[in-house]
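This report is for a reader who is new to the structure. Please look over the sequence and the model before reading on.

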Amino acid sequence: MRITIIGSGNVATHLAAAFKNAGHKIVQVYSRDMQNAALLAYHVGAEAIDNLDQIDHLTDLFVISVKDDTISSIAQTLARYQKLIVHTSGATDLQTLSVYTNNAGVFYPLQTLSKNKEVDFFTVPLCIEGFDETITKQLTELAQTISNNVYRVNSAQRKILHLAAVFACNFPNYLYGIAQQLLAEHDMGFEMLRPLILETAQKVQTHLPADVQTGPAVRNDENTMAAHLQMLNNEQDLKAVYSLLSQGIIKNENDGHRHG
């Protein structure tokens with residue numbers, strides 16, 4: 001396909017590279033920042049533009065990969081070209097596009113992506129939704145050229161998936177940061193925790209999380225938890241986080257939440 005990428009951030013960068021590697025033609029890369037557009041365009045052999053009036057109308061597909069609050073205005077502008085338009089957002093409804101065109105869909109990669117960190121895109125789950133069955137099939141076929149994990153996910157399901165991803169990815173990473181700060185304050189390095197983090201992540205590849213929960217809360221070790229809370233007396237926000245998460249683990253254990 002002939003594809004124009006709208007955006008130059010993390011998702012746009014990885015998608016553009018994956019499409020190019022699969023043999024698709026990246027026609028243009030748009031960004032409000034010409035320098036960012038030019039950098040990505042250079043890597044994928046495309047034309048860089050910073051004005052949507054410069055769009056090449058021979059494009060087959062527009063991939064909108066920008067902040068959620070600008071998707072609608074860009075879609076409204078692109079609809080006049082009567083080409084297939086998709087966005088890559090986990091939290092944005094398909095209707096954000098379909099109010100402007102029926103030739104619309106969603107192409108959501110469920111992965112944490114950073115520009116400077118390579119990823120094997122064939123392992124990335126791609127969540128597909130089309131305005132109709134024809135578009136859904138077209139997008140599924142496109143997705144299968146760059147990923148071995150393609151799912152049909154409607155807008156309501158995708159919003160739940162995005163919420164689940166925040167709990168599974170963003171929040172743990174924030175907690176890693178807290179752990180790093182606690183160690184640094186006592187002259188210890190984060191590298192000491194990396195094997196523990198890796199082992200925990202590997203366990204849930206083959207087990208349900210509740211089945212491999214460890215720590216003082218799951219044992220209801222009140223003495224240890226009280227000691228931990230005492231150590232956090234000068235960090236009331238962290239104390240609240242510790243208490244809330246511990247209570248959740250205890251409740252899960254007591255309720256027998258071990259379901260798939």
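## Two helices side by side

The model is predicted. In it, helices α1 and α2 cross in the right-handed sense. The angle between α1 and α2, the latter made of residues 34-44, is about 20 degrees, and their axes lie 10 Å apart. At that angle α1 and α2 are roughly parallel, because angles under 35 degrees count as such.

Which residues make the contact between α1 and α2? On the α1 side they are Ala12, Thr13, Ala16, Ala17 and Lys20, and on the α2 side Leu40, His43 and Val44.

## A residue inside helix α1

Ala16 belongs to helix α1. Is Ala16 buried or exposed? Its relative accessibility is 0%, so Ala16 counts as buried, the cut-off for buried being under 20%.

Beyond its neighbours within four places in sequence, Ala16 touches Ile5, Ile26, Leu40 and Val44. Of these contacts, Leu40 and Val44 also take part in the meeting of α1 with α2. Ile5 falls within the range of strand β1, residues 2-6, and Ile26 within that of strand β2, residues 25-30. Thr4 is twelve residues from Ala16 in sequence, and the two C-alpha atoms are 8.8 Å apart in space.

## The sheet

How many strands form the open sheet, and in what order? There are eight, arranged as β3-β2-β1-β4-β5-β6-β7-β8, with mixed pairing. The strands at the edges are β3 (47-49) and β8 (149-152); each has a single partner strand, so one side of each has no neighbour in the sheet. From one strand to the next, the twist averages 25 degrees.

At the β3 edge, strand β2 pairs with β3 in the parallel sense, over three bridges. Within this part of the sheet, Gln28 is placed opposite Glu47 of β3.

## Helices on the sheet

Helix α1, residues 10-21, lies across four strands: β1, β2, β4 (61-64) and β6 (104-109). The direction of α1 is at about 170 degrees to that of β1. Helix α3, made of residues 71-78, also packs on the sheet, where it touches β1, β4 and β5 (84-87). Between the directions of α3 and β4 the angle is about 165 degrees.

## A second helix pair

Another pair is formed by helix α8 (residues 222-231) and helix α9 (residues 236-255), which pack at about 160 degrees with axes 10 Å apart. Angles over 145 degrees count as roughly antiparallel, and α8 and α9 are therefore roughly antiparallel to each other. Their crossing is right-handed.

Helix α8 contributes Thr224, Met225, His228 and Leu229 to this contact. From α9 come Lys239, Tyr242, Ser243, Ser246 and Ile250.

## Cysteines

How many disulfides does the structure hold? The count is zero. For Cys127, the closest cysteine sulfur is that of Cys169, at 14 Å, which is too far for a bond. A disulfide would need the two sulfur atoms within 2.5 Å. Seen from Cys169, the closest cysteine sulfur is likewise that of Cys127.

The surroundings of these cysteines can be given in terms of accessible area. Cys127 has a relative accessible area of 2% and is buried. Cys169, with a relative accessible area of 30%, is partly exposed.

Notes. Residues are numbered from 1 along each chain as its sequence is written. This is a predicted model: local features need pLDDT of at least 70, side-chain atom pairs count only at pLDDT 80 or more; totals for chains, interfaces and linings use all residues. Side-chain values use heavy atoms; hydrogens and water are left out. Two strands pair if DSSP finds at least two bridges between them. Axes are lines fitted to C-alpha atoms, for helices over the stretch in contact, and angles run from 0 to 180 degrees between N-to-C directions. Contact means heavy atoms within 4.5 Å. Buried means under 20% relative accessible area, exposed over 50%, partly exposed in between (1.4 Å probe, protein chains only). Angles under 35 degrees count as roughly parallel, over 145 as roughly antiparallel, 65 to 115 as roughly perpendicular and the rest as oblique. A crossing is left-handed if the near helix is turned anticlockwise from the far one by less than a right angle, and right-handed if clockwise.
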